[in-house]
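Take a moment with the sequence and the structure before reading on. The paragraphs below are meant to be followed with both in view.

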Amino acid sequence: MINRQDISDGDLVVLSALKKQPFYGHAAVYSNGRFYHFNESGGHCDSYDFFVNQQQRQILRIEHGTKTPDEIQAYYDVNKHRRWQALTYNCEHFAYGAAYGIEKSPTLRGYVALTGMVGALFIGLFVKFKTN
């Protein structure tokens, strides 16, 4: 289990989702004792106690980012009012942007690749049965 002392400034942290959202995690960046994160209502900056303990989240994974606390704060200030878009700017895009300076969503990329492979499989099966 990952604990509070395992987290450092600049870390990208993936946490379990809220109980009402059981199918995915939530990405955030930790800096100066707070979690910077993004959801449908925009950017947020919450204490560890609120974000983890009160919302009953578990820390699932930590990646050590490359940005300083000042750079994370600047990224947050510029992007906290952006419009949330599931495919183009979600919590992962925000967290990777703040932690590394590169907005990306590896989870979304994985889902897209998996969907493409399943689609290709079904097309291949359809063509095979159609020609038989």
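What follows goes from the overall layout to a hairpin, a helix, the nonpolar cores and the aromatic rings.

The model shown here is a predicted one, and its secondary structure comes to 4 helices and 5 strands. Read from the N terminus on, these elements run β-β-β-β-α-β-α-α-α. Of the 132 residues of the protein, 34% count as buried, and among the contacts with a separation of 6 or more, 54% are made by residues 24 or more positions apart.

A convenient place to begin is the hairpin that joins strand β3 to strand β4 through 2 residues. Strand β3, which spans residues 34-39, and strand β4, which spans residues 42-47, pair in the antiparallel sense over 6 bridges. Within this pairing, Phe 35 stands opposite Asp 46 in β4.

From the strands the path leads to helix α2, residues 69-79, in which Ile 72, Tyr 75, Tyr 76 and Asn 79 are buried. Seen down the axis of α2, these buried residues fall within an arc of 100°, so they line one face of the helix. A general rule fits this picture: an α-helix has 3.6 residues a turn, so residues three or four places apart point the same way. The face of α2 that is turned away from the buried side carries the exposed residues Asp 70 and Val 78, while the cover over the buried residues includes β2 (25-31), β3, β4 and α3 (91-100).

The interior comes next, with the general background that in soluble globular proteins nonpolar side chains tend to be buried together. In this model the largest nonpolar core has 16 residues, and those with the most contacts inside it are Leu 12, Val 29 and Phe 94. At least two residues of this core are supplied by each of β1 (11-16), β2, β3, α2 and α3, and the largest share, 6 residues, comes from α3. Leaving aside its neighbours within four places in sequence, Val 29 is in contact with a set of residues that includes Gly 10, Phe 35, Tyr 36, Ile 72 and Ala 95. Apart from the largest core lies another core, of 11 residues, among them Val 13, Ala 28, Phe 35 and Val 52.

The aromatic rings offer another way through the structure, in which a search of the whole finds 9 aromatic pairs. One of these pairs is formed by Tyr 36 and Tyr 76, which meet edge-to-face at 5.1 Å centre to centre, with 70° between the planes. This pair links distant parts of the chain, for Tyr 36 lies in strand β3 and Tyr 76 in helix α2, 40 residues apart. Tyr 36 counts as buried at 4% relative accessibility, and Tyr 76, with a relative accessible area of 10%, is buried as well. Phe 38 and Tyr 89 also form an edge-to-face pair, at 5.0 Å centre to centre and with 80° between the planes. Here Phe 38 belongs to strand β3 and Tyr 89 to the loop between α2 and α3, 51 residues apart, and both Phe 38 and Tyr 89 are buried. Together with Tyr 75 and Phe 94, the residues Tyr 36, Phe 38, Tyr 76 and Tyr 89 form one aromatic cluster.

Charged side chains also meet aromatic rings in this model. Arg 82 lies over the face of Tyr 89, at 3.6 Å from the ring centre, and the charged end of Arg 57 sits over the ring of Phe 51, 4.6 Å from its centre.

Key:
Residues are numbered from 1 along each chain as its sequence is written. Side-chain values use heavy atoms; hydrogens and water are left out. Two strands pair if DSSP finds at least two bridges between them. Buried means under 20% relative accessible area, exposed over 50%, partly exposed in between (1.4 Å probe, protein chains only). The arc is that of the directions from the helix axis to the C-beta atoms. Contact means heavy atoms within 4.5 Å. A nonpolar core is a set of buried Ala, Val, Leu, Ile, Met, Phe, Trp, Tyr and Cys residues joined through side-chain atoms within 4.5 Å. Rings of Phe, Tyr and Trp (its six-membered ring) pair if their centres lie within 6.5 Å; planes under 30 degrees apart count as stacked, over 60 as edge-to-face and the rest as tilted. A charge sits over a ring if NZ of Lys or CZ of Arg is within 6 Å of the ring centre and within 35 degrees of the ring normal.
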